[in-house]
Amino acid sequence: MKLAIVAATGGVGRHLVDQALAAGHSVTALVRTPAKLHRPVPAVATDLAAPDAAVLREALVGQDAVLSCLGPRGTGEYGIVEPGTRALVTAMHDAGCRRIVAVSGLGVSTVPTPSLPNPPRREPGAGLWNQYVATPLGRRVLGAHFVDVAMMEHVLRTSGLDWTAVRPPYLSDGPVTGRYRTAIGHGVPRGVRLSRGDAAHLMLRVLDDPATIGQAVGAAN
């Protein structure tokens, strides 16, 4: 497949590039600074904090899918995920690309959004630790970023595209193992963390799984 990887120089993005190439996919990296890429792949310089619509559209023409690892590099960039994803969705429609898989986060289903105005109070299926400790703590500590990611899922739900949101709990620095649990539409019981290598593995795994289209997929090691 021809894959456009957004934020390919980040923690999950680097694993995605490596695993996609190893699987025989064609990769185009959408990054702020192509010089930071660790592999020699075609790259498009784009900043989704201030996206250029024409550049994005051209980058996505002919692509089979978009894999988005978009996220802030620090607290000063909280708020980048929803508008950046909205720009991606617009460019995908213009370019005729329909499949998108995006990194989300455990617990965002509890945040009210226009397409989910009455969400569950606690993350379904996630177990007591995540429901009563991890998710409330994440909402308190991450604040605006938590809401931003929830709004990113709102953008996906209303996009008209073939989307999947991957919802890991805490992302740890670790290689791909292929040993993780998943749940469609809710969290994974006793799921505390997922390695970045395995998050990338899951993103590639769901690409051609029709059961994951229009769904959020919980995952944890």
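Student: In this predicted model, what span should the 14 residues of helix α5 have, and how far apart are its end C-alpha atoms?
Tutor: Helix α5 covers residues 144-157. At 1.5 Å a residue, its 14 residues should span 20 Å. The expected span agrees with the separation of the end C-alpha atoms, which is 20 Å.

Student: Is α5 mostly covered or mostly uncovered, and how many of its residues are buried?
Tutor: Residues counted as buried have under 20% relative accessible area. In α5 they include H145, F146, D148 and E153. The helix is mostly covered, and of its 14 residues the number buried is 11.

Student: Which residues of α5 does S104 touch, leaving aside neighbours within four places in sequence?
Tutor: S104 lies in the loop between β5 (99-103) and α4 (127-142). Its contacts include A165, V166, R167 and P168. Helix α5 runs over residues 144-157, and the contacts of S104 that fall in that range are V149, M152 and E153.

Student: Is S104 buried or exposed, and what is its relative accessible area?
Tutor: A residue is buried under 20% and exposed over 50%. S104 falls under the lower cut-off, so it counts as buried, with a relative accessible area of 10%.

Student: Which residue of α5 does A216 touch?
Tutor: A216 is found in strand β10 (residues 215-220). Not counting residues up to four places away in sequence, A216 touches W163, A165, R167, A183, I184, G185 and H186, along with one residue from the 144-157 range of α5. That residue is E153.

Student: Is A216 buried or exposed, and at what relative accessibility?
Tutor: The cut-off for buried is under 20%. A216 falls under it and therefore counts as buried, its relative accessibility being 8%.

Student: How far apart in space are A216 and A95?
Tutor: Along the chain, A216 and A95 are 121 residues apart. Taken between their C-alpha atoms, the separation is 24 Å.

Student: What is the spacing of P189 and A220, C-alpha to C-alpha?
Tutor: P189 is found in the loop between β8 (181-184) and β9 (193-195). At 35% relative accessibility, P189 counts as partly exposed. P189 and A220 are 31 residues apart in sequence, and in space their C-alpha atoms are separated by 8.7 Å.

Student: Which residue that is not a glycine has a positive phi, and of about how many degrees?
Tutor: The residue is found in the loop between β1 (2-6) and α1 (11-22). With a relative accessible area of 22%, it is partly exposed. It is A7, and its phi is about 65 degrees.

Student: How many residues of helix α6 are buried?
Tutor: Helix α6 takes in residues 196-205 and is mostly covered. Its buried residues are G197, D198, A199, A200, L202, M203 and L204. Of its 10 residues, the number buried is seven.

Student: Which radius of gyration does the protein chain have, and what would a compact globule have?
Tutor: The protein chain has six helices and 10 strands, and 50% of its 221 residues are buried. Its C-alpha trace spans about 45 × 35 × 35 Å along the principal axes. With 221 residues, a compact globule would have a radius near 17 Å, which agrees with the value for the protein chain, 16 Å.

Student: How far apart lie the centres of the positive and negative side chains?
Tutor: The protein chain has 22 positive and 16 negative side chains. Each set has a centre, and the two centres lie apart by 8 Å.

Definitions and conventions
Residues are numbered from 1 along each chain as its sequence is written. This is a predicted model: local features need pLDDT of at least 70, side-chain atom pairs count only at pLDDT 80 or more; totals for chains, interfaces and linings use all residues. Side-chain values use heavy atoms; hydrogens and water are left out. Helices (H or I, at least four residues) and strands (E, at least two) are DSSP runs, numbered from the N terminus. The radius of gyration is taken over C-alpha atoms; the globule rule is 2.2 Å times the number of residues to the power 0.38. Buried means under 20% relative accessible area, exposed over 50%, partly exposed in between (1.4 Å probe, protein chains only). Lys and Arg count as positive and Asp and Glu as negative; His and the chain ends are not counted. The place of a charge is taken as NZ of Lys, CZ of Arg, CG of Asp or CD of Glu. The expected span of a helix is 1.5 Å times one less than its number of residues. Contact means heavy atoms within 4.5 Å.
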